[in-house]
Amino acid sequence: MDEVVRQIISRRRFLQLGAITAVAAACSPSAVGSASPAAGSSAASGGSPAAGGSGGPATSGSAISGTINVSYPDEAGLKPKYVEQAAAAVKSQFSGVDVKIDLQKIGDDDYYTKLLLALDSGTGPDVFHIGGSSAGELAEASYIEPLDKYVSQWADWSKYPDAVKSGVTYKGSVWAIPYGLDMRWLYYRKDDLQKAGLPADWQPANVQGILDAANAVKNAKEPNVLPYALYAGPAGSGGTADHAFVPLLWAYGGELQDSSGKWIGDSPATRKVMAYYQKAYDGLSPKEILTSTKPWTAMREKLGNGQLALLFEGGWVYGGWATADKAGTEQNVGYVLHPTESGGPSFTIGGPGTCWYISAKSANKQGAWEFIKAMNSAEIVGKLNAEDPHPVARTDAADIPEFKANKYNLDATAALAKAKFVPPDPGYSKVIEAIQKATARVAAGELGPDDAAKRYTDDLTQALGADKVTSQS
């Protein structure tokens, strides 16, 4: 299936297309993990918990047995040693346990497609690793196990701030355990901006200040330097929403949903966002973003090597630049919070990051939970987030020496005090598709801001139903 077309089709609809069940086997071992009857693990969702208590410290030895199938994607290669460490800890504690690890060296989007197929067919892993923003969608589909009974008896849960807990809570239940939180920065190249007459400690006065800086870079005519990258269209995937449209919407005083939970289409803020896109794609942001495969890969690389001046992106990308060139990154890559329409840098977009889930159809839920506990120890959380820079989900992990040694980690963690979170609503995946269509129309010059905002409302209505969408004058 063509990549752009696949991204436009909703994940739920993609499942309904059927005739792709063979792919499911690629996301799991042969089947959902098994536990011997003696282990006391449930054989289906809602069954009796394993011996040793629901989520509390299980008894060492034979309280848990059987196989725990663990599946996760990792292209960067930073997680495997920690997954192996957690697996070894579980096997050491429980003599009758075997942990089978399914490492997939593919991107998150491709992994999620495979995972959904596996979960839908009942062949998914016991425990898996995917973005926390999918919690609502997975819960509504009955693919994941609520973790309330486990966390209620897990002393370490007290180390997680309420804001973090809320990020993985949907309809009153906890569904996932995060380890590294998401946040975003407006990155800028100090060297590129200085050549354009701007200071190395640049701070945008407001949203317009981003475009003003981009125009300054454009007018400086630096060779091989793009002024600005603003994600748009389906090729931008989730970044079109979380790294572009949504921060702009919030910057202009808008919201994704109203107080009753309806999604907001056409509004004064939405029209301002579309007008911003029109300006950005008038010679500042490259139109190749609309057609390139995974355009964020090229844009991140260009910012890292000085060929792109401005980019709002995930806090996690800084680590890649620093790994490649620590001194150059510290010297030339600046980062600030996102500005609003009327003021300077004031907020970031937070998120639960990538989390660990238990499959609702797992036959070894207690074993899966023991793996999650081992994987989310303070030591592993601190060290992993030191290597793959993210704010830590549990507060005591920030005291791990490796994490504390990096100023960037401390800055990213402090930024979460000014974070806004996207709601964990399962309808958000369809909203993202509507955002992709709307921004593509403006970026490509097909529609003006007002017409694009109206079409955005139409797309939301078609995808979600008229009773779940509203407009604001």
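## A salt bridge within helix 15

Helix 15 spans residues 365-375 and holds both E370 and K373, which sit three residues apart, about one turn of the helix. In this predicted model, the two side chains form a salt bridge whose closest N and O atoms are 3.4 Å apart. E370 is buried, and K373 is buried as well. Elsewhere, D156, R394 and D396 are joined into one network by salt bridges that share partners.

## Salt bridges between separate parts of the chain

The structure as a whole contains 16 salt bridges. One of them pairs E140 with K171, with 2.6 Å between the closest N and O atoms. E140 belongs to helix 5 (residues 135-140), while K171 is in the loop between strand 4 (169-170) and strand 5 (173-174), so this contact ties together parts that are 31 residues apart in sequence. E140 has a relative accessibility of 39% and therefore counts as partly exposed. K171, at a relative accessible area of 66%, is exposed.

Another salt bridge joins K420 and E255, at 3.1 Å from N to O. This pair links distant parts of the chain, 165 residues apart: K420 is in strand 14 (residues 419-421), and E255 is in the loop between helix 10 (239-251) and strand 8 (263-264). K420 counts as partly exposed because its relative accessibility is 27%. E255 is likewise partly exposed, with a relative accessible area of 38%.

## Strand 13 and its partners

Strand 13 covers residues 354-358, and four of its five residues are buried, so the strand is largely enclosed by the rest of the structure. The cut-off behind this reading is a relative accessible area under 20%.

Strand 13 pairs with strand 3 (residues 127-131); the two run antiparallel and are joined by five bridges. Within this pairing, H129 has W356 of strand 13 as its bridge partner. Strand 13 also pairs with strand 6 (residues 177-178), again in the antiparallel sense, through two bridges. Here P178 stands opposite C355 of strand 13. In a regular strand, side chains alternate between the two faces of the sheet.

## The nonpolar core

The largest nonpolar core has 137 residues, and the members that touch the most others are L138, Y187, Y277 and W356. W356 is also the strand 13 residue that bridges to H129. L138 falls within helix 5, which runs over residues 135-140.

What does Y277 contact beyond its neighbours within four places in sequence? Its partners on the N-terminal side in numbering include L230, Y231 and A232, together with T240, A244, F245 and L248. The list also has T439 and V442.

## The chain as a whole

The chain is 473 residues long, and 56% of these count as buried. Its secondary structure consists of 20 helices and 15 strands. Among contacts in the chain with a separation of 6 or more, 76% are between residues 24 or more positions apart. The K420 and E255 salt bridge, with its partners 165 residues apart, is one example of a link between distant parts of the chain.

The exposed surface of the chain amounts to about 18,200 Å², of which carbon and sulfur atoms supply 50%.

Key:
Residues are numbered from 1 along each chain as its sequence is written. This is a predicted model: local features need pLDDT of at least 70, side-chain atom pairs count only at pLDDT 80 or more; totals for chains, interfaces and linings use all residues. Side-chain values use heavy atoms; hydrogens and water are left out. Buried means under 20% relative accessible area, exposed over 50%, partly exposed in between (1.4 Å probe, protein chains only). Two strands pair if DSSP finds at least two bridges between them. A salt bridge is a side-chain nitrogen of Lys or Arg within 4 Å of a carboxyl oxygen of Asp or Glu. Contact means heavy atoms within 4.5 Å. Accessible areas come from the Shrake-Rupley method with a 1.4 Å probe; for residues, only the protein chains shown count as cover. A nonpolar core is a set of buried Ala, Val, Leu, Ile, Met, Phe, Trp, Tyr and Cys residues joined through side-chain atoms within 4.5 Å.
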